[in-house]
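Let's sit down with a model and practise reading a sheet and the pockets around it. Bring your questions as we go.

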Amino acid sequence: MASNHPGETYASGEKGVVIRHARSHEPGAGWTVDPQPAFSLPADPSARDAAYSETPGVVFDPAAPADRRCKLYYSGTGRMLDLGFQDYQIGLAVSADGRSFTRLAESESPYGLAGLVLRAEEALADLPGFAGGMVADPEVQLVGGTYHLWFSSFAYGADRRSPAFGVAHAESSDGIH
């Protein structure tokens, strides 16, 4: 079967990463995987997350509008850093049912780019000598109306050495800013 997006079917010979939804009705009973991806690469090959959109973390917000109660945070990249690895940043997609997600509109992104909600430049800018970096692997919890986001981080200085890497934390009242 031909596919517009790599990896849309298990039998596809194309390579690509998609995010799928699975459910288990009782512990130890196994998982049922939805056949359609819950989230996949954007159709636009120039999008900032066109190369990889992966490592999701999902949170349910019962107080959010019905069409965005499920929020999927993901690592996304569309380019390589000059250090030789992907330039991951954190994106957000929303859903009513948790089975089909849509990237946050560029008009809602703090950076004016569809999906993008956190860049290394803001998350790690207080590090002395910061020249660039990446943020990835988001995990999120909603506690008392505050979103808590934990993520992997890597920063480097102008000398190409890594002044900081590890796990970082950010908080938000709306899950976007």
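What follows is a short dialogue about strands, hairpins and pockets in this predicted model.

Q: Where do I start with the sheet, and what is the order of its strands?
A: Start with who pairs with whom. Here an open sheet of three strands runs in the order E8-E9-E10, and the pairing is antiparallel. E8 and E10 are the edge strands, each pairing on one side only. From one strand to the next, the twist averages 25 degrees.

Q: How many bridges hold E8 and E9 together?
A: Count them along the pair: strand E8 (residues 130-143) and E9 share eleven bridges in the antiparallel sense. For a register check, pick Met-134, whose bridge partner in E9 is Phe-154.

Q: And how many bridges are there between E9 and E10?
A: That antiparallel pair has nine bridges. Two handy register marks are Leu-149, which stands opposite Ala-170 in E10, and Tyr-147, whose bridge partner in E10 is Ser-172.

Q: What should I look for in the hairpin turns?
A: Look at the number of residues between the strands, then at the phi angles. The E8 and E9 hairpin has two residues between its strands, and Gly-144 in the turn has a positive phi of about 55 degrees. In the hairpin of E9 and E10 there are six residues between the strands, and Arg-160 takes a positive phi near 70 degrees.

Q: Why is E9 described as largely enclosed by the rest of the structure?
A: Go by residue burial, where buried means under 20% relative accessible area. Nine of the twelve residues of E9 are buried, so the strand is largely enclosed.

Q: Which way do side chains point along a strand?
A: In a regular strand they alternate between the two faces of the sheet.

Q: Now the pockets. Which residues lie nearest the centre of the largest one?
A: With a pocket, take the volume, then the lining, then the chemistry. The largest pocket has a volume of about 200 Å³. Its lining has 15 residues, with Leu-149, Ala-170, Ser-172, Ile-176 and His-177 nearest the centre. So we meet the Leu-149 and Ala-170 pair again. Strands E7 (116-118), E9 (146-157) and E10 (164-172) each supply at least two lining residues. By class, the lining has ten nonpolar, four polar and one charged residues.

Q: What classes of residue line the second largest pocket?
A: Two nonpolar, four polar and five charged. About 170 Å³ of space lies in this pocket, and its lining includes Arg-48, Arg-79, Asp-87, Arg-119 and Glu-121.

Terms used:
Residues numbered from 1 in each chain as written. Predicted model: local features only at pLDDT ≥ 70, side-chain atom pairs only at ≥ 80, totals over all residues. Heavy atoms only, no water. 1 Å grid on protein atoms, 1.4 Å probe; cavity = no way out; pocket = protein on both sides within 12 Å on 5 of 7 lines; lining within 4 Å. Points joined across faces, edges and corners; volume = space filled by probe spheres on them. Helix = DSSP H or I, 4+ residues; strand = E, 2+ residues; numbered from the N terminus. Nonpolar A, V, L, I, M, F, W, Y, C, P; charged D, E, K, R; others polar. Buried < 20%, exposed > 50% of the residue type's maximum accessible area, 1.4 Å probe, protein only. Pairing = 2+ DSSP bridges. Axes fitted to C-alpha atoms, helices over the stretch in contact; angles between N-to-C directions.
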